[in-house]
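Here are my notes on the structure you shared, as numbered points. I hope they are handy to read with the model open beside you.

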Amino acid sequence: MTSAPRIAPSLLSADFACLGEEVKALTQAGADLVHFDVMDGHFVPNITVGPGVLKALKPLTPLPFDVHLMITPVDPHIDAFIDAGADIITVHPESTLHLQRTLSHIRARGAKAGIALTPAQDPAFLRWILDDVDMVLVMTVNPGFGGQAFLHTQLAKIITIKDLIGARPIDIEVDGGITPETAPLVREAGANVLVAGTSIFKTKNYTGNINALREA
Ligand code: DX5
Ligand code: ZN
């Protein structure tokens with residue numbers, strides 16, 4: 001265990017009636033990234049927000065926007081999110097026919113590229129694509145909703161991915177059910193970026209809730 005993990009609050013659990021104020025509050029509270037979950041009611045059963053909302057929030061914080069696209073097909077929408085201010089774009093492999101093309105397009109447009117794996121997905125294919133990614137997101141719940149229970153089966157997957165990555169400068173992000181109880185487990189396995197919705201927005205003490213994850 002080395003440096004502190006980076007904390008990425010998920011706006012999915014924020015008050016949608018005042019997202020701008022929520023982003024400012026998270027910035028004040030010491031968040032490292034803003035995790036922006038995009039859902040289409042097709043790839044996942046829920047629908048959230050699009051590039052217009054991202055564009056409106058972008059000027060309100062110096063923090064990078066970590067955009068998690070749970071939409072299919074994903075390729076027709078990537079440019080709109082980059083134009084709106086996405087700093088990191090993470091895609092699910094099954095949302096594109098040609099993953100390497102998608103990732104290299106994201107990088108060519110100047111954003112960082114991430115791959116998200118659902119709980120049932122085997123990470124072995126990553127070895128063919130690791131030179132094209134900046135981040136691997138391990139979903140520790142099924143994508144679609146906040147507030148689900150952490151899947152302990154994913155800890156071994158994080159260890160496997162850490163091993164595959166070797167010395168490459170690639171982040172391992174975890175998303176779903178991250179709390180002060182599960183944070184030490186994913187840290188121990190090798191994750192260095194922690195997404196959290198429920199456990200950060202459960203009270204208005206965002207600073208305390210973020211620190212509780214960072215120091216767990
Ligand atoms: C789920 C989203 C997550 C979600 C996490 O599909 O990708 O980012 O907001 O929420 P919690 O922390 O409540 O599990
Ligand atoms: Zn997410």
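1. Let me start with I165, which sits in helix α5. In this predicted model, I165 has a relative accessible area of 4%, so it counts as buried. Its C-alpha atom is 8.8 Å from that of L126, and the two residues are 39 apart in sequence.

2. Take Q28 next, a residue of helix α1 (residues 19-28). Is Q28 buried or exposed? Its relative accessibility is 72%, and because the cut-off for exposed is over 50%, Q28 belongs in the exposed class. Measuring up the pair Q28 and I165 is a useful way to link these two points: they are 137 residues apart in sequence, and 33 Å lie between their C-alpha atoms.

3. T153 is worth a look as well. You will find T153 in the loop between β6 (135-139) and α5 (154-165). With 61% relative accessibility, T153 is classed as exposed. From T153 to A120 the C-alpha distance is 9.6 Å, for a separation of 33 residues in sequence.

4. Now to the metal site. Which residues give the protein donors of the zinc ion (ligand 2)? They are H35 through NE2, D37 through OD, H68 through ND1 and D175 through OD, at 2.1 to 2.3 Å from the ion. Along the sequence these donor residues follow the spacing H-x1-D-x30-H-x106-D. Of these residues, H35 and D37 are both buried.

5. The geometry at the zinc ion (ligand 2) deserves its own point. Six donor atoms surround the ion, and the angles they subtend run from 67 to 169°, so the arrangement is octahedral. For reference, the ideal angles for six octahedral donors are 90 or 180 degrees.

6. Close to this topic is I7, in strand β1 (residues 6-9). I7 has 0% relative accessibility and therefore counts as buried. The C-alpha atoms of I7 and the zinc donor H35 are 9.2 Å apart, with their positions 28 residues apart along the chain.

7. How many cavities of 30 Å³ or more does a search of the whole structure find? The search finds one, and the largest cavity has a volume of about 40 Å³. Its lining is made up of L11, L12, F16, L19, F36, D37, T48 and V49. Sorted by class, that lining has six nonpolar residues, one polar and one charged. Note that D37 appears here and is also one of the zinc donors.

8. Helix α3 (residues 75-83) has I78, F81 and I82 as its buried residues. Why do they fall on the same side of α3? They cover an arc of only 95° around the axis, which places them together on that side. P76 and D83, on the other side of α3, are exposed. As background, an α-helix has 3.6 residues a turn, so residues three or four places apart point the same way.

9. Finally, please check the peptide bond from T72 to P73, which is cis, with omega near -5°. In general, most peptide bonds are trans. P73 belongs to the loop between β3 (65-70) and α3.

How values were computed: Residues numbered from 1 in each chain as written. Chains lettered and ligands numbered in written order. Predicted model: local features only at pLDDT ≥ 70, side-chain atom pairs only at ≥ 80, totals over all residues. Heavy atoms only, no water. Donors = N, O, S within 2.8 Å, 3.2 Å for Na, K, Ca; no water. Tetrahedral: all angles 85-135°; square planar, octahedral: opposite > 155°, others 65-115°. Buried < 20%, exposed > 50% of the residue type's maximum accessible area, 1.4 Å probe, protein only. 1 Å grid on protein atoms, 1.4 Å probe; cavity = no way out; pocket = protein on both sides within 12 Å on 5 of 7 lines; lining within 4 Å. Points joined across faces, edges and corners; volume = space filled by probe spheres on them. Nonpolar A, V, L, I, M, F, W, Y, C, P; charged D, E, K, R; others polar. Helix = DSSP H or I, 4+ residues; strand = E, 2+ residues; numbered from the N terminus. Arc of directions from axis to C-beta.
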